[in-house]
Each structure stands twice: as structure tokens, then as C-alpha cells.
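Me: I should like to go through the charged pairs, the chain contact and the nonpolar cores of the structure shown below. Please reason briefly before each answer.

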Amino acid sequence: MSENVHPGINLGASHGEAHHGSERTAFGFWIFLMSDLVIFGILFATYVVMRPNLAGGPGPSELYDLKSIAKQTGLLLASSFTFGLVSLSMKYGSRTGAVAFWLVITAALGTGFLYLEIKDFARMAGDGGIPQRSGFLSSLWALVGLHGLHLVAGLAWIGVMLALITARGLSDAVKSRLLLLGLYWHFLDLIWIGIFSVVFLGGMA
Amino acid sequence: MSDPVFGRLDWRVTPFDDFWRNPTANEAVASGAALVVILGAVAVAWFLTSRRLWRPLWRDWLTSADHKKIGIMYVVLAGVMFLRAVAEGFVMRTHQVTALDGGFLSPDHFAQLFSTHGTIMIFFVATPLITGLINFVVPLQIGARDMAFPVMNQVSLGLTAAGAGLVMISLVVGQFGTGGWTMYPPYTGATFSPGPGVDYWIWAIGISGIGSTLSGINFAVTIYKMRAPGVRFLRMPMFTWTALTTAIMMVYAFPPLTVSNAMLALDRYLDFHFFTNDLGGNMMHYANIFWMFGHPEVYIVVLPAYGVFSEISSTFAAKRLYGYNSLVIATLAIAVISFCVWLHHFFTMGQGASVNAAFGIATMIIAVPTGVKVYDWLATLYEGRIRMSVPIIYLTGFFILFVFGGLTGVILANPTLDYQVHNSQFLVAHFHNVLIPGTLFGVFAGIHYWFPKAFGFRLDERLARRAAYLWFAGFCLAFLPLYWLGLMGMPRRAASYENAAFESVMWLTFAGAVIVLAALGTMIWTFVASARNRAALACPIGDPWDGRSLEWATAAPAPEWNFAATPEVEALDPFTIEKAEGEPYQPAECYEDIEVPRNTAMGVVIGGLTGVMGFALVWWMWWLAALALAGVVAAIVARAFVTDTHQRIGADELRQAHRDFLDRVAATEPVNRDLEMTSRNRGRADPEAPA
Ligand SMILES: [Cu+2]
């Protein structure tokens, strides 16, 4: 296998049938991510427009806990790194055990992120920061919440992939799906960087 | 508190019940429409049962992943919805004849009519019509075997059908929203529209909108990645170019719709404050997001029609398309500019003069590439040997009417003038004046053009011509007087009026509506009569019009695998060149095994479950919605574990089928253009030297 290594994830022999088959799917998934990016883009714009509409309710300085946000950011960035290790163990030697191991670690880091995020949301709600309170809070919950929902879907996807790996090992189809999952996971990271800068840092500024 | 099992659904939500208590003309119309839906469903079920068609329907159509069949099903779905939307237009026109200081429909009922009419025409007629046409034609034109994602294609159709189904159900169970096809809040928020009507709209549009996004992705990948060898970008037929452009626009334009829709749903269901009057909501933001979808949508449905006009002008004039490159550039320019003009839909909402001016200018600029296109088509026809077949009749009608409609668009693009006529009948006249000739005439032309490829026989020319002339006349009479009404100050969406001078004009437009009904009837009769007479109209060789692009080189109806061997292309209009210079209809050098997707019920399952979910959400049956959603997720996960998704078709079978086809070709007498409309046209063209 290793003599065939070339840039990319090495589904099979260079430019073989598997490569050809995954090209379409990967390209389609990129387009899907672009359209998803439009959705997030509009939600970002909505947040910026709604940011002043506090309607007498609590604002960023009362609600945001930057320490928790920093932890969440750390966890998510780390999970992106461990997903990189998933891809690398898939590329070098196709070691099923290593791929599954790093997938589990990635899922654990993602779950940790989600745990902190839900805790933050619960605390905000306790402080009166519920989405029903103001236009600002509606836009905040929608944007950050949608990212969280994406993460839940990503975790479910990891679960399905682990089941698939157990059922049939690292077949070409499984590898090609892991490639898509990787794109998705790094995309979530990218969106989070936007949320971190625009919502939390920008909101406090 | 709503019921834990049935939510807010109970037996008093049908129109029959209101008719029972209060038997007026208004309630009779509502009950009659509901009855038609029920009887229609029963009649279809009875027909399928008595002819024993359920099994073939399931096996050959509903579970098929063949792009041609999916395309045809899209068009059929759009056709059914078209019947309803035209009928609604007719009822509205009838009402307006009586609407001087009143009218026989209640204002609320009238509001439902214009809301569903617009919703259906945009989302469940225009969009599925062009989606269906692209589905059917594009893989054939680029020499591909199918879409890039055949099963996802089926799912897209299922989602569109689920949305259409919800709109149909709203006729019988409960009511539709009254906020127009755009459903602007705060009127459509929970405070002012608490009932299920707006929710029907939200879920119908939300579900079918996701289907359209997926279609866009599918088309784009298909055209980027699945072109046969030699089909370079600048050798793609114009229709494929417009399909690619539309696909890209779908990918970017439908997400804003999804977002504005989801936000409205959050406002209504969970008491969020995106668009409410109080607590920091901003209702103008809805219009802002919605029209980021809404304006490009106009071009999403009109560009493929432009593509049809490009194909037919060159085929029926027997000339190369004039200014191919400029048409490509114009198409792309329209796509880009169409994303930069959305604000012209709310010039009067107070964003200030300089913003209005910028968007007004941007809007007017669209006329430039559109003009380029019209000149290119005219130049293509110029000195061609034109056959005035049905598609060219639609093209001629389009030339006259669309240019006029476009000019009124330039008028509306001027904010100062828009202040005078916005929300008036002038606007109604304008957008019917562009969308009917632009989209409907284009799709009609396309249906007549490609019908033989889909079914193996031509449509009856005489009847089809009659329908085309009736469409033209009915359109002029029904819509052009609205310009005058608008200038005289009659608002759109008004259930009644006080100016007696309007009444005579209403009779005029009513006469137009009658002619439109006659056109529709003639059109349906064209299909029925042609199907009955299909032996005489058959053209199994597949090239009845002396076509120019790849799709005409294969049999009619095209086989499941489209092409026995992957074609190779060396120029634009490859089939014309082959017919003129080389030998068309040659056996391939080698045949290879191919794989086609197996039948699957994914589309039906996902479409059905999302439809149930939408219905449950409309009526607050939370348990059912959760169950249906869980079913969708389970189906997607289960699909990931299916390995046996394809079946192989052997090279020998392909070789044999192709040989049989070539034998039939050799045994068929070629016909020249003069005999094209006679029953001697079996689909083998005797070509003229290409111009
Ligand atoms: Cu517009």
C-alpha cells in the first residue's frame, strides 16, 4: 500500500476506480457545504443586524462566559486535529484499529464541546437569556444552536461510521464516506471560528 | 391546550362543515374544490386498481432511479398542480367580475386563492417543470448514463411531491395561509395568523425547498463531472449551459428561503422574535432574506426556458446557433446580476434614495444580457429555413410578449416610478407578462420538442398549434388590461373595488381567462388525441426534427442506458456534423459492461415520511412528527448499510440492443423537412447540409 502513497487520501491505487467513484461524491459534498455556508452566512448577518435589539433584556456582557467559550474552542480545535489523525491512519496503512480509535477520540472531544455548550445555554437561560426574550437572543440561539445541531449530526455520523467499519472494515465506500465526514468536521470548526470571532469576541467588543 | 393525540386537528376543520352550517356561494366553492381533490384521488386510485396498474406504477416509475422517468414524473406532478392553479386563477377572475363593492367570495377566501395560486405556480409548477425538463434532457445531451446521484434525485422528487401534497391537503383539511405567496410577517406571525394556514405554507415550501437544493447539487455535479469525452464546456448545448447556471443558482438561492422559512417557523412555534413587532424583531429582515431567494428564483425558472429557445431556434431554422459564446456569457451574466437586485422588491420600505438608486440601476442592467439573447435568437432565425412548428410558434409569442414584459420591468426598476405603481395591478401584469411567455411558453415548447424522445411518438401538430394560439390570445386578453388597471390605481390582491370603470375591464380579463381555460383544455386534448393516434405519430428512430445535439442520436424512447456506448464529441452540434459529413448510426468500436442503479423505495419513503411530518407539525401532533422524523433518519442510516445498490448490464446485451436499433434505422426511410409533419416521419431525418 505505502508504495502507492500520493497526495490525497489514497482510496485505492492512484486514479483507480475507487478514486473516480469518490470524486463525484466529494465534489457534490463540497457544493453542499457551500450551500450550508450560505445558511450560516445569513444567520451571521442576522446576528449582526439583531445585535442591538436587546429590547431591555440581557446583553452579551451579562450572558457570555468567555472562559467556557475558550474551553469549547480548545476542544473543537483538538477534535479537528484528531480527525486529521483519522485521515492519516486511513492513508498510511489503512489501519482499521487506529482509524476507529481516533474516531472515538474525536467523538469524545466533540461531546465535551457539546456538554460545555449546553451548560452555557442552560446558564444563559437561567439568567433570563432565553431566545423568546429579544431579537438579539433569538438570533444568538439560532446561530449557535444550529452549529450545535450540526455537531450532534456529526456525532451521529461518527457513530454510523464506526458501525460501518465494524461491519465491513475499511472498504473503498467506507473510506470515501470518511473523507466526506472529514470535510464536514473541519467545516464545523471553520464555522465555530466565525462564531467565536463574530458572536463572542465581537459581541463583547 | 391542544389534544395530545390529535393536536389542534378536529372534525370541524373541513370546508364541508362550514358549507353545512352556512351554505353560501363562497362555501360552495371551497367545498367543491375540496370535493374535487377527494374525487380526483379516488378516481386515480380506482383507475389504477381496475387496470391493475399499481404494480407497474411502483416497479417502473415510483421506485425507478432513471433520470428520464424522474424527469417525466416531475412534469406530471407540475401538470396536476398547474390544473389547480389555473382553475384558481379562473375563479379569482370570475370573482373580480362580481367584485364591484363586494363579490361572491369572502375576502378571506379570495386571499387564500391568490396565496395558493402564487405558491403553487412558483414552487409546484414552474420549479418542477424546469427541474423535470433538466432531469430528462441534460444527461442525454452530455452523453451521460444518468444523474450523478440517481437515488438523491429520486429523493428530491419525493420531497417536492410531499410539499405539493401538503398544499393539496390544505384544501380539504383546514385552510391555507392568506399572506400571499411571499407570506410576509408580521401579518403571518402567530399574533395575526394563529391558524394552521401559514404553517401549511411553511412546511410545504421548507420541504420542497430542500428537494430543490439537492436537485441543484445533483445537476451541477452531473454537468461538471459526467460529460462524455470531448464535451468541453464550450461544446455543451445551450440548454445544458442554462441548466448548469440554474443549478448553481439553486444551490445558492434556496438556502436563504430555507432560513427565512425556518425563522418564521421559530417565531410561530417557539415564540422567537425575528420578525415580530415587539421585543426587537425586525420584519424588514424577512423581506430582505426572502428576496435573496425570490429574485434569483425568477431566473432559475426562466434561464432553462431560454435554453429551450436556443435549442429550437437553431433546430427549426436548420442553422448553427448564432453567437453561441455571447449566449453563454449572457447566461452567466444574468445569473450573477440576478443575485444583486433583490432589493427592488421593497423600494418603498424606506431604505433611502441612494440604496434604491443602486439597486434600480443593477436591475436595469439585466436587460442588457437579456437583449443580447433575444438578438442572438433572432439572428439564428435570420435567413434560416424556418419551419413554423409548435415550438417556433411559442418562440414567436415569447418574442412579442416577453420583450413587452421586459420593458415594463425596466419601468418598475426605476424607484421613482415604482413608488407610483407598487402593489398595484401593474405589477401583476408585469410578472405574468414575463413569467408566462418566459417560463411557461419555453417549457411548453420544450415539451413539444422532446416529447417524441420521451414517448416515441410526436404530438398532434394541428391540435398543438391551436392550443398555442389560444394560449397567446388568452394571455393577451387576461393580463395586458391589468397594466391599465394598475395605472388607474387598482391595488393587487384586493378582493373588491369601488371604481365602476374597472368592471368592464374585468369582463375583458374574464374573457381572457375563458380562453386560457380553452387553451388548457386543448392542450390536454392534444396529449390524449396524440396518445390514441400514436401508431401514426410514432418515430422510434428518435430524430424527428433533424436534431443537432447528442440526445437525437439515440432511439425514442431512449433506452434505460441512454447510449449503448459512450459517445465521443468533437464539436458543437455533433449529431448534425455526423449526419452531414460522416456516417451517423454506426456500431461502436467496443461495448463495455455498465452499472445502473437498482430500483429503490428511498424517494417514496423519505417523501412520504416528510409529508407526514409536515402535516403533523401543521396540526401540532408532536408525537407523529417526531416519529416521522425518526423514520427519515432511520431510512438514511439504513441506506448507508446497503451494498447491493447497482445492477450490471452486460456488454453483449448492449451490443445486441444497439445492433437491433441500427437494423431498424437501416430499414427506415429517411424523411426530409417537407414531410416532417406527415406520418411518414418515423424519426429518421434526411438532413440538409448544415448552415
Ligand atoms: Cu426581482
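Me: Which residue does the side chain of Asp66(B) meet in a salt bridge?
Reply: The model is a predicted one. A salt bridge here requires a Lys or Arg nitrogen within 4 Å of an Asp or Glu carboxyl oxygen. For Asp66(B) the N to O value is 3.3 Å, and the partner is Lys68(B).

Me: Are Asp66(B) and Lys68(B) buried or exposed?
Reply: A residue counts as buried under 20% relative accessible area and as exposed over 50%. By that rule, both Asp66(B) and Lys68(B) are buried.

Me: Where in chain B do Arg21(B) and Asp18(B) lie, and what separates them?
Reply: These two residues form a salt bridge, with 3.2 Å between the closest N and O atoms. Arg21(B) is exposed, at a relative accessible area of 57%, whereas Asp18(B) is partly exposed, at 24%. Both belong to helix α1 (residues 15-21) of chain B, and because they are 3 residues apart there, what separates them is about one helical turn.

Me: Which residue forms a salt bridge with Arg655(B)?
Reply: Arg655(B) is partly exposed, with a relative accessible area of 30%. Its partner stands 3 residues away in helix α23 (residues 651-667) of chain B, about one helical turn, and is exposed at 57%. The closest N and O atoms are 3.0 Å apart, and the partner is Asp652(B).

Me: Which residues are linked with Asp543(B) in a network of salt bridges?
Reply: Side chains of opposite charge can pair when their charged atoms come close. Over all chains, the structure holds 22 salt bridges. In the network that includes Asp543(B), the other linked residues are Asp546(B), Lys579(B) and Arg673(B).

Me: How many Å² do chain A and chain B bury between them?
Reply: The size of an interface is often given as the accessible area lost when the parts come together. The contact draws 32 residues from chain A and 30 residues from chain B. Arg24(A), Ile42(A) and Gln132(A) supply 21% of the area that chain A buries against chain B, more than any other three residues. Carbon and sulfur atoms carry 76% of the area buried between the two chains, which is about 2700 Å².

Me: Which residues form the salt bridge across the interface of chain A and chain B?
Reply: The rule finds 1 salt bridge across this interface. The N to O value is 2.8 Å, and the side chains that meet are those of Lys225(B) and Glu23(A).

Me: Which element gives the largest share of the side of chain A that touches chain B?
Reply: Between the chains there are 9 residue pairs in polar contact. Two elements of chain A, α1 (17-50) and α5 (135-168), give two or more residues to the side that touches chain B. The largest share, 16 residues, comes from α1(A).

Me: Which helix gives the most to the largest nonpolar core?
Reply: In soluble globular proteins, nonpolar side chains tend to be buried together. The largest nonpolar core has 246 residues, and Leu103(A), Leu178(A) and Trp471(B) have the most contacts inside it. With 17 residues, the helix that gives the most to this core is α9 (residues 283-317) of chain B.

Me: How many residues has the other core that lies apart from it?
Reply: In the largest core, Trp471(B) is in contact with residues including Phe82(B), Tyr394(B) and Met523(B). Apart from that core lies another, with Trp561(B), Ala564(B), Ala565(B) and Leu654(B) among its members, and its count is 9 residues.

Conventions: Residues are numbered from 1 along each chain as its sequence is written. Chains are lettered from A and ligands numbered from 1 in the order in which they are written. This is a predicted model: local features need pLDDT of at least 70, side-chain atom pairs count only at pLDDT 80 or more; totals for chains, interfaces and linings use all residues. Side-chain values use heavy atoms; hydrogens and water are left out. Helices (H or I, at least four residues) and strands (E, at least two) are DSSP runs, numbered from the N terminus. Buried means under 20% relative accessible area, exposed over 50%, partly exposed in between (1.4 Å probe, protein chains only). Contact means heavy atoms within 4.5 Å. Buried area is the accessible area (1.4 Å probe) that two parts lose on being put together, summed over both. A polar contact is a pair of N or O atoms within 3.5 Å; within protein, one must be able to donate a hydrogen and the other to accept it, and residues adjacent in sequence count only if both atoms are side-chain atoms. A nonpolar core is a set of buried Ala, Val, Leu, Ile, Met, Phe, Trp, Tyr and Cys residues joined through side-chain atoms within 4.5 Å. Lists of a residue's contacts leave out its neighbours within four places in sequence.
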